[in-house]
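Subject: Structure handover

Hello,

Here is the structure I said I would pass on. Please open it next to this message and look up each residue as you read.

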Amino acid sequence: MKSTDVELERLRIRREARRAALAADTRVAVEREGRAVCLSGGGYRAALFHLGALLRLHESGLLAGVTMFSSVSGGSIVSAWLACRYLDTRLDGEAFAAWSDRIDFSAVVVEPFRAVVARDIRTAPVLATVAYNWLWPSHRIGLLERRYAEVFGERTLDELPESPAFVFCATDLTFGVNWEFSRRRVGDYLAGYLRDGARRVGLACAVAASSSFPPVFGPVRFDTEAGDYQGGHYQGDDGDELRARIELSDGGVYDNLATEPALRRYREVLVSDAGGPFAFETRRWWLQRLLRYTQVVGNQAEALRKRLFFGQAESGSLTGVYWSLNGSRDEGADGYSPALVREVIGRFRTDLDRFLDPEFEVLVNHGYFAAVDAMWRQNGWHPDSTQSANWPYPQRADESEVRRLLRHSHRRVLHRRWWGAS
């Protein structure tokens, strides 16, 4: 049975169930509850943008009520950091909401993250494996996982808090669906979920799989046996062979908004999108055209995700708030001008190399104000907070100075960060 056949069969079963319910004059209702925050991919750029948004959610009192964080790639880095900071600094038995109300979020979560993104975790693994990565990609991703372990420690997924849930999404290249790493389960609906899987998977492994952006990293070969899974919908004759060769890639390949775990179950869904804009351009060289094909496919997939999210929000199925790094904003709104966002901030590289202090501070500022704007303007959402929005880093409010400092921040090579400048 092909993967498309499996999905069609699931849709057929659901459709028949709805018909049966209508025939019996009953209503089919999905009980939604809780608040989910979805953090998109985009390397360190995304992590810092989301960090600013989380700061504003904390100030607004919304962070304390979050019941699930779903993330991919760069979003998974900052989500794992938030989980670790909570576990490292909470009092005995302190719930997440109480911890969030007690702490100085800037001092406990935001500022310590500066040292994380000040390290280049991309270049050394790439250069060390450039001669053979195409044949043996597991070595390079292993080096990336070690870098994450230096940040997150040797924690396993079962050490994560029960509430809120932290879900790290990757892409199952074998079955072509979203793969979840969380305390509750590890796997996907086609392959199945690992028996006691969380106890054997490290947090660093989950973040590495979620952020193994192709073709630089990955895919991740997940070392399991077919008998390790339970509950998989795929029942083909080759199921055991496929489950024994699960390969995982960046979660953004399947769903760069990280909304897959949230849209069907949560009453409130907040989406922070640090993805780049789709550039309108022509490609004439054959390799450029080949890459353009994949960009168009990716753009279409993300557009469908956004339509699904906004469609559910407009229908009243959920309360949805969406903000983005490149989103349109009114002239005169708090934060950076649309021109600066379009011409400078929106062009930031999506990478895992070193980010300098001005880059850190500008991205945190921008994420903060993007969330402010979205929360107060979309869908009548009004957080219960009397605290006004203030620049997290007011020394970066001067746009002319920001333009000067960040004029080369789109570059992946030959940037002053290579020589330790700040």
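Below are my notes, beginning with the annotated site and ending with the nonpolar cores. Please keep in mind that this is a predicted model.

The annotated site

The UniProt entry, which is unreviewed, gives Ser73 and Asp250 as "active site". These residues span 178 residues in sequence, but their C-alpha atoms are no more than 6.2 Å apart, so they gather at one spot.

Where does serine 73 sit in the fold? Serine 73 is in the loop that runs between strand β2 (68-72) and helix α3 (74-89). Aspartate 250, in turn, belongs to strand β9, residues 247-250.

Are the two residues buried or exposed? Serine 73 has a relative accessible area of 5%, and because buried means under 20%, serine 73 is buried. Aspartate 250 is also at 5% relative accessibility and counts as buried.

The side chains of aspartate 250 and serine 73 are joined by a polar contact of 3.0 Å. Setting aside neighbours within four places in sequence, serine 73 is also in contact with Gly41, Gly42, Gly43, Ser210 and Ser211. With the same neighbours set aside, the contacts of aspartate 250 include Ala170, Thr171, Ser210, Ser211 and Pro214.

Strand β11 and tryptophan 323

Strand β11 covers residues 319-324, and 5 of its 6 residues are buried. Strand β10 (residues 268-273) pairs with β11 in the parallel sense, over 6 bridges. Within this pairing, serine 272 has tryptophan 323 of β11 as its bridge partner.

Tryptophan 323 also touches residues elsewhere in the sequence, among them Phe49, Leu57, Leu270 and Ala374.

The nonpolar cores

Which residues touch the most other members of the largest nonpolar core? They are Phe113, Tyr148, Phe181, Phe222 and Trp323, in a core of 100 residues. Helix α14 (residues 357-377) supplies the largest share of this core, 11 residues. There is also a second, separate core of 17 residues, and Val72, Val167, Ala258 and Leu263 are among its members.

Cysteines

How many disulfides does a search of the whole structure find? The search finds 0. Cysteine 84 is buried, at 3% relative accessible area. Cysteine 205 counts as buried too, at 15% relative accessibility.

Regards

Key:
Residues numbered from 1 in each chain as written. Predicted model: local features only at pLDDT ≥ 70, side-chain atom pairs only at ≥ 80, totals over all residues. Heavy atoms only, no water. UniProt positions renumbered as here; feature names shortened; annotations may be inferred. Helix = DSSP H or I, 4+ residues; strand = E, 2+ residues; numbered from the N terminus. Buried < 20%, exposed > 50% of the residue type's maximum accessible area, 1.4 Å probe, protein only. Contact = heavy atoms within 4.5 Å. Polar contact = N/O pair within 3.5 Å; in protein donor to acceptor, adjacent residues only side chain to side chain. Pairing = 2+ DSSP bridges. Disulfide = S-S within 2.5 Å. Core = buried A, V, L, I, M, F, W, Y, C linked by side-chain atoms within 4.5 Å.
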